[in-house]
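This note sets out some points for a colleague who is reading the structure at the bench. The points are numbered so that each can be checked against the coordinates in turn.

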Amino acid sequence: PIKKDKLFFFGGVQRTWYRTIPTESRALTMIASHRQGDFSDLLRLSKPQTILDPTTNQPFNNNQIPSSRFSTTAQNLLKDSPLPGADGFTRCSAATKEDPKEYIHRIDWRPSSRHNILGRYLQNDDPSVYDFVPGNLHSVTNTQSSFSKNATLGYTLVVSPTLIADSHVTMSRTFGNRWNFWPKTIADYGAKVAVTSNQIAVSMSGTSGLSLSTVNPPAIFARTNFDFNHSWRWIKGRHNFIFGGDLMFSRYNEYNAFNASGVFSFNGKYTGLDQSDYILGMMSAFTQSNGEIEFRRYHYQALYFNDAFRLTRRLTLNYGLRWEPFTPMTDLKDRQVQFRIDDYRQNTRSQRYVNAPRGLYYPGDKVGGGYVIPKAGVEVGKKQFAPRIGLAWDVKGDGRMAVRAGYGIFYDVPM
């Protein structure tokens, strides 16, 4: 205590250092002969497999693809995928550095017997750095830097021995930044594609199960919540009333280059084998997106009332009502949609985004009857009243056996 019975402070800091080289990780990689277009070993299997030339639909001579047909991008990418051992796997180890830090502080101030003020702050930092082995695509692991913070300010007022008011304001924030140190993009290997990050996503998923990919793309995630709640507790005879309200504002921002540099898939659709499709550069599927960019906003509010009424020394009745109107999540760029099945059947489209699929509407669109699509895509729900009631019976009056019953209505937030 800084001042006895008046002012108290507590604080703590913890920091830990980790330096590790984990046990070997392994990955399936393509053998040397297949990289050179020579798949003749497949003809010597108990069930021989023939590689077809997609231009003629006839087998390649001796299951060998001429080097003139090789995909330059495919060959360049294989240079960063080390040759496997006898078991088909390549192995590697990379150093890891982690420096987590934790902070906690609390202060309590009691200026008089009627007033109490508290402040609390928590923070966790968790930076983790993962190295990679030069020239080995399979050794890449995401580095991340994240933190969480939480601060609360509270005030309690004792109006009288039977009436107490309590208020709390809380702010919490979490932040995560994800990236890796691989120095190349898929375009650096020769792929004619616009890239936004160094994510490489190439898979051979027909029969081989090989992957020439890094980990998840770079991304930033940030979430902040502001919360205010206030309550009154009033004891009146055999009643213990509590009533108050909650108000919360939440925001979520995401900058994620998900699939934005392309996802390349090979499944053997053209030659009969995914690896030979890869050598030729003939994809079975290609996917590319604009990433996931979100600026979500959400409000929550509620009013409540409850009473614990002691009907007798052994029987207590709890009853109350909560009103929590639903205010749906919005996006600062109006990236919310509403799908209307009748408009889909009538081949009606959005006026704001004329190339959008039929039946899909965006905030501000006008549909039949003059209805305007709201900012959140759905309407606010103001009629969400949630009553609840319960009974507690002390069977023998000695506190050792109780029978309880309860009923309530509760609302969840739609996903």
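1. Strands S16 and S17 pair in the antiparallel sense, with 3 bridges between them. Within this pairing, serine 265 has alanine 285 of S17 as its bridge partner. The model is a predicted one, and every remark below should be read with that in mind.

2. The pairing of S16 with S17 belongs to an open sheet of 4 strands, whose order is S13-S12-S16-S17 and whose pairing is mixed. Strand S13 (210-211) and strand S17 (285-287) are the edge strands; each has a single partner strand, so one side of each has no neighbour in the sheet. As general background, strands of a sheet pair through backbone hydrogen bonds, in either a parallel or an antiparallel sense.

3. The parallel contribution to this sheet comes from S12 and S16, which are paired over 3 bridges. Here valine 202 stands opposite phenylalanine 264 of S16. Strand S12 (residues 202-204) is also joined to S13, by 2 bridges, and those two strands run antiparallel. Methionine 204 has leucine 210 in S13 as its bridge partner.

4. Which residues line the largest cavity? The lining consists of Leu28, Thr29, Met30, Leu78, Ser81, His138, Met204, Leu210, Ser211 and Leu212. Met204 and Leu210, both in this lining, are the bridge partners named in the previous point. By class the lining has 6 nonpolar and 4 polar residues, and no charged ones. The space in this cavity is about 40 Å³, and the count of cavities of 30 Å³ or more comes to 1.

5. The second largest pocket has a volume of about 230 Å³. Its lining comprises 15 residues, and those nearest its centre are Thr73, Ala191, Phe264, Phe266 and Met283. Helix H2 (72-78) and strand S16 (263-266) each supply at least two residues of this lining, and H2 provides the largest share, 3 residues. The lining of the second largest pocket divides into 11 nonpolar, 3 polar and 1 charged residues. Phe264, listed among the residues nearest the pocket centre, is also the residue of S16 that stands opposite valine 202.

6. Is lysine 192 buried or exposed? With a relative accessibility of 85%, lysine 192 counts as exposed, because the cut-off for that class is over 50%. Lysine 192 lies in the loop between strand S11 (163-179) and S12. Its C-alpha atom is 9.2 Å from that of threonine 73, although the two residues are 119 residues apart along the chain. Threonine 73 is itself one of the residues nearest the centre of the second largest pocket.

7. A further set of pairings involves strand S9 (residues 115-130). Strand S7 (residues 96-98) pairs with S9 in the antiparallel sense over 3 bridges, and threonine 96 has tyrosine 130 of S9 as its bridge partner. Strand S8 (residues 101-112) runs antiparallel to S9 and is joined to S9 by 10 bridges; the bridge partner of isoleucine 104 in S9 is leucine 122. The connection from S8 to S9 is a hairpin through 2 residues. Strand S10 (residues 143-160) is also antiparallel to S9, with 14 bridges joining them, and arginine 120 stands opposite threonine 152 of S10.

8. How many aromatic pairs does a search of the whole structure find? The search finds 13. One aromatic cluster is formed by Trp234, Phe241, Phe305 and Tyr319.

9. Two arginines are placed over aromatic rings. Arginine 26 lies over the face of phenylalanine 89, 3.9 Å from the ring centre. The charged end of arginine 358 sits over the ring of tyrosine 344, at 4.0 Å from its centre.

10. Arginine 358 also enters a comparison of sequence and space. Glutamine 346 and arginine 358 are 12 residues apart in sequence, with their C-alpha atoms 8.5 Å apart. Glutamine 346 lies in the loop between helix H4 (341-345) and strand S22 (360-361), and its relative accessible area of 58% makes it exposed.

How values were computed
Residues numbered from 1 in each chain as written. Predicted model: local features only at pLDDT ≥ 70, side-chain atom pairs only at ≥ 80, totals over all residues. Heavy atoms only, no water. 1 Å grid on protein atoms, 1.4 Å probe; cavity = no way out; pocket = protein on both sides within 12 Å on 5 of 7 lines; lining within 4 Å. Points joined across faces, edges and corners; volume = space filled by probe spheres on them. Nonpolar A, V, L, I, M, F, W, Y, C, P; charged D, E, K, R; others polar. Pairing = 2+ DSSP bridges. Buried < 20%, exposed > 50% of the residue type's maximum accessible area, 1.4 Å probe, protein only. Phe/Tyr/Trp six-rings, centres within 6.5 Å; stacked < 30°, edge-to-face > 60°. Lys NZ or Arg CZ within 6 Å of the ring centre and 35° of its normal.
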